[in-house]
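Colleague: Could you walk me through reading a two-chain model like this one? I'd like the general idea for each feature, then the case at hand.

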Amino acid sequence: MGLELYLDLLSQPCRAIYIFAKKNRIPFEMRTVELLKGSRGSKDTVGTWGVRRRQDPGQHLSDAFAQVNPLKKVPALKDGDFTLAESVAILLYLTRKYKVADHWYPQDLQACARVDEYLAWQHTTLRRSCLRALWHKVMFPVFLGEPVSPEMLATTLAELDVTLQLLEDKFLQNKAFLIGPHVSLADLVAITELMHPVGAGCQVFEGRPKLAAWCRRVKAAVGEDLFREAHEVILKAKDSPPADPTIKQKLMPAVLAMIQ
Amino acid sequence: MGSGGRWGVAARTVCEFPGSLGFAESLGSRVGSFRPAMGLELYLDLLSQPCRAIYIFAKKNRIPFEMRTVELLKGQHLSDAFAQVNPLKKVPALKDGDFTLAESVAILLYLCRKYEVPDHWYPQDLQARARVDEYLAWQHTALRNSCTRAMWQKMMFPVFLGEQVPPETLASTLAELERCLQLLEDKFLKDQDFLAGPHISVADLVAITELMHPVSAGCQVFKSRPKLAAWRQRVEAAVGKDLFQEAHAVVMKAKDLPPADSAIKEKLKPLVQVLLQ
């Protein structure tokens with residue numbers, strides 16, 4: 001078995017890895033792990049014992065997937081016997097193993113540090129506020145049938161706003177891309193995050209011409225078709241049919257932990 | 001503190017000025033003055049876990065640097081002057097000539113590369129390096145989070161801020177810490193000597209300095225976890241006991257801090273409220 005990437009394109013970090021691997025023509029087996037759905041109709045095998053057909057909501061919570069990632073999260077990578085979790089680690093592994101073009105993660109000491117700085121910062125800031133925006137605005141009410149108070153939603157969107165301002169002022173500034181004149185891992189990780197609230201119907205780029213221009217540049221650098229392909233799932237999130245009660249029950253604790 | 005004339009003295013003591021004089025004023029007095037070429041400066045408060053990791057790493061590898069102490073409990077990180085170094089207003093921060101850098105993971109990797117430290121800290125080997133990256137990524141939202149909350153809820157809120165934390169909140173935080181410690185043992189350490197394999201790496205430094213946070217608050221982190229306790233001994237030995245103790249002197253004395261005055265409370269309370277959720 002060659003390189004396997006366990007992804008659900010509903011998830012922001014999974015999209016970043018998907019785009020990166022495809023853009024760099026890295027050969028891999030796509031292993032779709034459906035975070036929200038039952039496994040009926042799933043296209044891929046999980047583990048060595050063939051296609052799972054049981055109704056099994058939250059595929060990432062299964063014992064089989066735990067063999068690949070004991071942290072029970074996507075994305076996850078399997079390369080022969082080597083398994084790896086954490087999107088930043090996976091992106092860096094792919095960067096090194098497949099010797100991609102320098103601009104993705106530059107050799108230059110300071111440029112590289114800037115990418116590292118963004119990749120470290122985003123975990124507790126943009127990742128968090130984009131996730132909460134999607135879940136509070138769309139996924140809780142539409143998918144889980146749980147109302148979210150207007151105050152909670154307002155707080156979440158205000159936090160998102162603050163983070164977007166930091167993204168512009170501290171990271172992007174007047175550059176073409178987050179760390180300089182060329183697209184890097186930082187831009188992929190950031191843009192896929194922003195598509196989360198976009199998928200929820202938030203006007204992330206309205207009143208932010210700088211970010212809007214940067215978004216266009218990233219899309220162009222990545223390729224419009226690939227970008228669209230990677231974001232098909234998230235852009236349909238607000239049309240998710242409501243989850244049935246068993247799924248809801250199973251996913252709730254994990255969801256609540258995730259969006260804290 | 002060393003010589004250097006009026007500006008030399010200001011450069012050295014700028015961060016150790018008492019809170020009332022303030023970081024901003026002392027740096028402001030240097031504007032327009034002759035500034036000799038500055039080497040590497042590390043803006044740290046050893047109260048903070050990531051700052052300790054960087055301090056230990058730099059000292060262990062004999063990386064020459066100017067220590068710039070930024071006292072969090074005096075709100076020095078909120079000054080406009082410090083914002084010039086790190087607009088995110090957080091420690092740790094690095095300044096290397098005109099180059100400034102935030103985020104402890106980025107700083108550690110920058111130091112690894114610039115000073116060409118021994119390979120084991122951040123191995124060249126593809127898979128070994130990936131293991132370090134994996135830990136460094138995971139810890140942001142896992143161990144870092146629960147260690148900070150445990151220390152603040154158990155100790156800093158009651159002792160320093162004079163604010164009681166509801167027992168359910170503390171219980172929930174300590175349970176979450178337990179969960180993270182279990183993951184640390186089962187998923188990362190496993191049966192290895194160190195987190196990423198047979199040798200110490202930056203992952204171990206980042207982890208051990210985190211765990212010392214709840215330790216400083218009196219949590220018995222290692223008591224019922226012989227595997228983690230043994231790993232701790234190995235890390236301390238690899239780093240050097242003296243250096244380890246030196247780096248942890250501040251946090252280990254945190255429980256003896258006098259209560260904050262009302263001005264400081266006002267300043268810090270809104271920032272730390274998030275640690276109660």
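Modeller: Let's begin with burial, bearing in mind that this is a predicted model. C51(B) has a relative accessible area of 0%, and the cut-off for buried is under 20%, so C51(B) counts as buried.

Colleague: And C112(A), buried or exposed?

Modeller: C112(A) is buried too, at 2% relative accessibility.

Colleague: How many disulfides are there over all chains?

Modeller: The search of the whole structure comes back with 0. Take C112(A): its nearest cysteine sulfur belongs to C112(B) and sits 11 Å away. A disulfide needs the two sulfurs within 2.5 Å.

Colleague: Next, the interface. How do people put a number on one?

Modeller: The accessible area lost when the parts come together is often used to give its size. Here chains A and B bury about 2600 Å² between them, and 68% of that is on carbon and sulfur atoms. On the chain A side, L71(A), R96(A) and L109(A) lose the most area to chain B, together 20% of what that side buries.

Colleague: How many residues does each chain bring to the contact?

Modeller: Chain A brings 27 and chain B brings 28.

Colleague: What about charges across the interface?

Modeller: Side chains of opposite charge can pair when their charged atoms come close. Between chain A and chain B the count is 2 salt bridges. D116(A) and R113(B) form a salt bridge, with N to O at 3.0 Å. There are also 8 residue pairs in polar contact across the interface.

Colleague: Which elements of chain A give two or more residues to that side?

Modeller: Those are β4 (82-85), α3 (87-97), α4 (109-121) and α6 (150-172) of chain A. α4(A) gives the most, with 9 residues. By class, the chain A side has 16 nonpolar, 4 polar and 7 charged residues.

Colleague: How should I read a helix such as α3(A)?

Modeller: In general, an α-helix has 3.6 residues a turn, so residues three or four places apart point the same way. As for α3(A), 9 of its 11 residues are buried, among them V88(A), I90(A), L92(A) and L94(A). After the helix comes K99(A), with a positive phi near 45 degrees.

Colleague: Back to salt bridges. How many are there over all chains?

Modeller: The search gives 29. One of these pairs is E168(A) with R208(A), at 3.4 Å from N to O. E168(A) is in helix α6 of chain A and R208(A) in the loop between α7 (185-199) and α8 (209-222), so the pair ties together parts 40 residues apart in sequence. E168(A) is buried at 9%, and R208(A) is buried at 7%.

Colleague: Is there something like that in chain B?

Modeller: K187(B) pairs with E134(B), the closest N and O atoms being 3.0 Å apart. The pair links helix α8 (residues 167-189), which holds K187(B), to helix α6 (residues 126-138), which holds E134(B), 53 residues apart. Both K187(B) and E134(B) are buried.

Colleague: And a pair that isn't buried?

Modeller: Try R234(B) and D193(B), whose closest N and O atoms are 3.9 Å apart. R234(B) is in helix α10 (residues 226-239) and D193(B) in the loop between α8 and α9 (202-216) of chain B. R234(B) is partly exposed at 27%, and D193(B) is partly exposed at 37%.

Terms used:
Residues are numbered from 1 along each chain as its sequence is written. Chains are lettered from A and ligands numbered from 1 in the order in which they are written. This is a predicted model: local features need pLDDT of at least 70, side-chain atom pairs count only at pLDDT 80 or more; totals for chains, interfaces and linings use all residues. Side-chain values use heavy atoms; hydrogens and water are left out. Buried means under 20% relative accessible area, exposed over 50%, partly exposed in between (1.4 Å probe, protein chains only). Contact means heavy atoms within 4.5 Å. Buried area is the accessible area (1.4 Å probe) that two parts lose on being put together, summed over both. A salt bridge is a side-chain nitrogen of Lys or Arg within 4 Å of a carboxyl oxygen of Asp or Glu. A polar contact is a pair of N or O atoms within 3.5 Å; within protein, one must be able to donate a hydrogen and the other to accept it, and residues adjacent in sequence count only if both atoms are side-chain atoms. Helices (H or I, at least four residues) and strands (E, at least two) are DSSP runs, numbered from the N terminus. Ala, Val, Leu, Ile, Met, Phe, Trp, Tyr, Cys and Pro count as nonpolar, Asp, Glu, Lys and Arg as charged, and the others, Gly among them, as polar.
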